[in-house]
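Colleague: Could you walk me through reading this one? I would like the general idea each time, then the case at hand.

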Amino acid sequence: MKYFIGNWKMFGVPKSVNILNRINSFYAKDKNRNKYRVIITPPFTLIESFAKYFQRKKILIGSQNCYQKDFFSSDTSAISPYMLKSVGAKYTLIGHSDNRAEGDNDSILKDKVKFAIKNNLKVVFCIGENKLEKKNKRTLSVLKKQLIKVLESKFDKKNIIVAYEPIWSIGSGKIPTKQELQKTTTHIKKVLKNIFKKKSPAVLYGGSVDGNNIDMLKQISEIDGFLVGGASKSSKKFIDIIKNYYR
Ligand code: PGA
């Protein structure tokens, strides 16, 4: 199964459902539709209405983040996995570099993963090196650390997807070379096989994915799908990625 996940970030109002409607119409008729899943993570404000609207359709709705506690608490503005599940979210991103930059450390991320899974949300766990780490050739060790500090064999790998998003690539239009990606994704799967006793969860690539660079990205066999930011806010751009992937 391949994954095409659209991360809307701070984008969208109720009428933006039209973008998803167009993606859904394409998906419902696509002859390749059984080979992949489409998940969109709109802002918190739209999760409930979108999840209701797409309940019987093909698109699944997820959240961009969740709080590191299970149920209810007195933390102002926090939204727990339980609350997300109750409004129809099926997935949640955890560890996006935007949230790591705001203070999400390994111990917070571990709690987020734990409570998301406890509440039957599937976790898209994001990892990635920054520009300096890449320059200093620390990419592989940084990625390994990000994985082993948070993921544990007791988490069911069916509930986890890992998204490799180099921070320097997000929103920049730059992506790693094919050789770099082959090396990093093989490394990520090796680390994951060690954690999860032989079988690796799905590994996605994210960072400036578009309808053009997908031609190169699809040649890397270790990549099981894509986390798409900017290009997921346009139905045409998002559909182009899927079309070109299966071309
Ligand atoms: P981008 O964002 O596709 O706009 O680079 C990816 C992400 O941050 O998830």
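Modeller: Gladly. Let's start with a single strand pairing: K2 has Y36, in β2, as its bridge partner. Keep in mind that this is a predicted model.

Colleague: How many bridges join β1 to β2, and do the strands run parallel or antiparallel?

Modeller: β1 and β2 run parallel, and six bridges join them.

Colleague: And how should I think about the side chains of a strand?

Modeller: In general, side chains in a regular strand alternate between the two faces of the sheet. Here, β1 is mostly covered, with five of its six residues buried.

Colleague: Let's turn to a helix. Which residues of α10 are buried?

Modeller: First the general idea: an α-helix has 3.6 residues a turn, so residues three or four places apart point the same way. In α10, which spans residues 235–245, the buried ones are S235, F238, I239, I241, I242, N244 and Y245.

Colleague: What do the buried residues of α10 pack against?

Modeller: They pack against two helices, α1 (17–29) and α9 (214–217), and against the strands β1 (2–7), β2 (36–41) and β8 (225–228).

Colleague: N244 is an asparagine in that list. Why does N244 count as buried?

Modeller: The cut-off is what decides: buried means under 20% relative accessible area. N244 counts as buried because its relative accessibility is 15%. Leaving aside neighbours within four places in sequence, N244 is in contact with G211, I214, D215 and K218.

Colleague: What about a loop residue such as N32, between α1 and β2? Is N32 buried or exposed?

Modeller: N32 is buried, because its relative accessible area is 10%, below the 20% cut-off. Its side chain also makes a polar contact with the side chain of K35, at 2.8 Å.

Colleague: Now the ligand. Which residues are around the ligand?

Modeller: The residues around it are N7, K9, H96, E165, I170, G171, G207, S208, L227, V228, G229 and G230. By character, this shell divides into three nonpolar, seven polar and two charged residues.

Colleague: Which backbone atoms lie 2.7 Å and 2.8 Å from an oxygen atom of the ligand?

Modeller: A backbone N or O atom of S208 lies 2.7 Å from a ligand oxygen, and for a backbone N or O atom of G230 the distance to a ligand oxygen is 2.8 Å. From a side chain, an N or O atom of N7 is 3.4 Å from an oxygen atom of the ligand.

Colleague: How much of the ligand's accessible area does the protein cover?

Modeller: On its own the ligand has 280 Å² of accessible area, and the protein covers 95% of it.

How values were computed. Residues numbered from 1 in each chain as written. Predicted model: local features only at pLDDT ≥ 70, side-chain atom pairs only at ≥ 80, totals over all residues. Heavy atoms only, no water. Buried < 20%, exposed > 50% of the residue type's maximum accessible area, 1.4 Å probe, protein only. Helix = DSSP H or I, 4+ residues; strand = E, 2+ residues; numbered from the N terminus. Contact = heavy atoms within 4.5 Å. Near = heavy atom within 4 Å. Polar contact = N/O pair within 3.5 Å; in protein donor to acceptor, adjacent residues only side chain to side chain. Areas by Shrake-Rupley, 256 points an atom, 1.4 Å probe, with all protein chains shown as cover. Nonpolar A, V, L, I, M, F, W, Y, C, P; charged D, E, K, R; others polar. Pairing = 2+ DSSP bridges.
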